[in-house]
Amino acid sequence: MRCEIAASLLHEPKVLFLDEPTIGLDAVSKIAVRGFIKKMNEEHKTTVILTTHDMQDIEAIASRIILIGKGQKLMDGTLEDLRLEAEPTEAESESSEMDIDHIIAGLYAKLNIM
C-alpha cells in the first residue's frame, strides 16, 4: 500500500484520492501509512480526499469530514463539529469524550439513517 501511495505522488499531484488506504494492514503499517499521508499533505500541500470506514483513519488524518449516508451529504465539518452535533447516550454523557464510532452512530441515529 505504501508503494502505491508513493507512486501516486511521483508527479506531485495537487489532489490525491485514496480509497480505504489502510484496509488489510496490520496496526504498525496503518500508523506508518497514516503518518506518511499526513506528512505529504503538510509538506507538499497536497489535498487528500479519503474514503474510509476506518474511524481511526479519520481521527488521525482528516481535518474536514463529509459524512454521507443513503447517497446524501449529512454533515460537513470538523471532528469537533461532528462531536457537537451527535447526541450522546446517557452512558456516553457521563464519560468525558465519545470516540469517533459513537459519534457517527449517534449522528446516523439522529438523522434516522440506520
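## Helix α6 and its surroundings

In this predicted model, α6 is followed by N112, a residue whose phi is positive, near 60°. The helix itself covers residues 100–110, and the residues buried within it are I100, I103, I104, G106, L107 and Y108. An α-helix has 3.6 residues a turn, so residues three or four places apart point the same way. I100, I103 and I104, which appear among the buried residues of α6, can be viewed with that periodicity in mind, as can L107.

Which elements cover the buried residues of α6? The cover includes two helices, α3 (55–61) and α4 (79–85), together with the strands β3 (65–69) and β4 (72–77).

## Nonpolar cores

In soluble globular proteins, nonpolar side chains tend to be buried together. Here the largest nonpolar core has 15 residues, and those with the most contacts inside it are L67, L82, I104 and L107. The elements that each give two or more residues to this core are α3, β3, β4, α4 and α6, with the largest share, 5 residues, coming from α6. The contacts of L82 illustrate how this part of the chain is joined: leaving out residues up to four places away in sequence, L82 touches I65, M75, I103, I104 and L107. Of these partners, I103, I104 and L107 are also among the buried residues of α6.

A second core of 8 residues is separate from the first, and L16, V33, I37 and M40 are included in it.

## The loop at T22

T22 lies in the loop that connects β1 (15–19) with α2 (27–44). Is this loop residue buried or exposed? T22 has a relative accessible area of 1%, and therefore counts as buried, the limit being under 20%. Apart from neighbours within four places in sequence, the residues in contact with T22 are K30, V33, R34, D54 and D57. One of these contacts, V33, is also included in the second nonpolar core.

## Positive phi in two exposed loop residues

E12 and K45 can be described together with their loops. E12 is found between α1 (2–8) and β1, and its phi is positive, near 45°, although E12 is a residue other than glycine. K45, in the loop between α2 and β2 (47–51), likewise is not a glycine and has a positive phi of about 55°.

E12 counts as exposed because its relative accessible area is 58%, where the limit is over 50%. K45 is exposed by that rule as well, with a relative accessible area of 65%.

## Pocket and cavity

Rolling a probe the size of a water molecule over the atoms shows where empty space is left. The largest pocket holds about 840 Å³ of space. It is lined by 23 residues, of which L50, T51, R64, I65 and I66 are the closest to its centre. The elements giving two or more residues to this lining are α2, β2, α3, β3 and α6, and β2 contributes the largest share, 5 residues. Sorted by class, the lining of the largest pocket has 13 nonpolar, 7 polar and 3 charged residues.

How many cavities of 30 Å³ or more does the count give? The count comes to 1, and the largest cavity contains about 30 Å³ of space. Its lining consists of L9, E12, P13, M40, H44 and T46, which by class has 3 nonpolar, 2 polar and 1 charged residues. E12, described above for its positive phi, thus appears in this lining, as does M40, which is also included in the second nonpolar core.

## Overall architecture and confidence

The protein chain has 6 helices and 4 strands, and from the N terminus on its elements run α-β-α-β-α-β-β-α-α-α. Of its 114 residues, 33% count as buried. Among contacts between residues at least 6 apart in sequence, 50% join residues at least 24 apart.

The chain averages a pLDDT of 81, and 87% of the residues score at least 70. Confidence is highest in β1, at 91, and lowest in helix α5 (residues 90–94), at a mean of 53. Where pLDDT is low, the predicted coordinates should not be read in detail.

Note on methods: Residues numbered from 1 in each chain as written. Predicted model: local features only at pLDDT ≥ 70, side-chain atom pairs only at ≥ 80, totals over all residues. Heavy atoms only, no water. Buried < 20%, exposed > 50% of the residue type's maximum accessible area, 1.4 Å probe, protein only. Contact = heavy atoms within 4.5 Å. pLDDT = per-residue confidence, 0-100. 1 Å grid on protein atoms, 1.4 Å probe; cavity = no way out; pocket = protein on both sides within 12 Å on 5 of 7 lines; lining within 4 Å. Points joined across faces, edges and corners; volume = space filled by probe spheres on them. Nonpolar A, V, L, I, M, F, W, Y, C, P; charged D, E, K, R; others polar. Core = buried A, V, L, I, M, F, W, Y, C linked by side-chain atoms within 4.5 Å.
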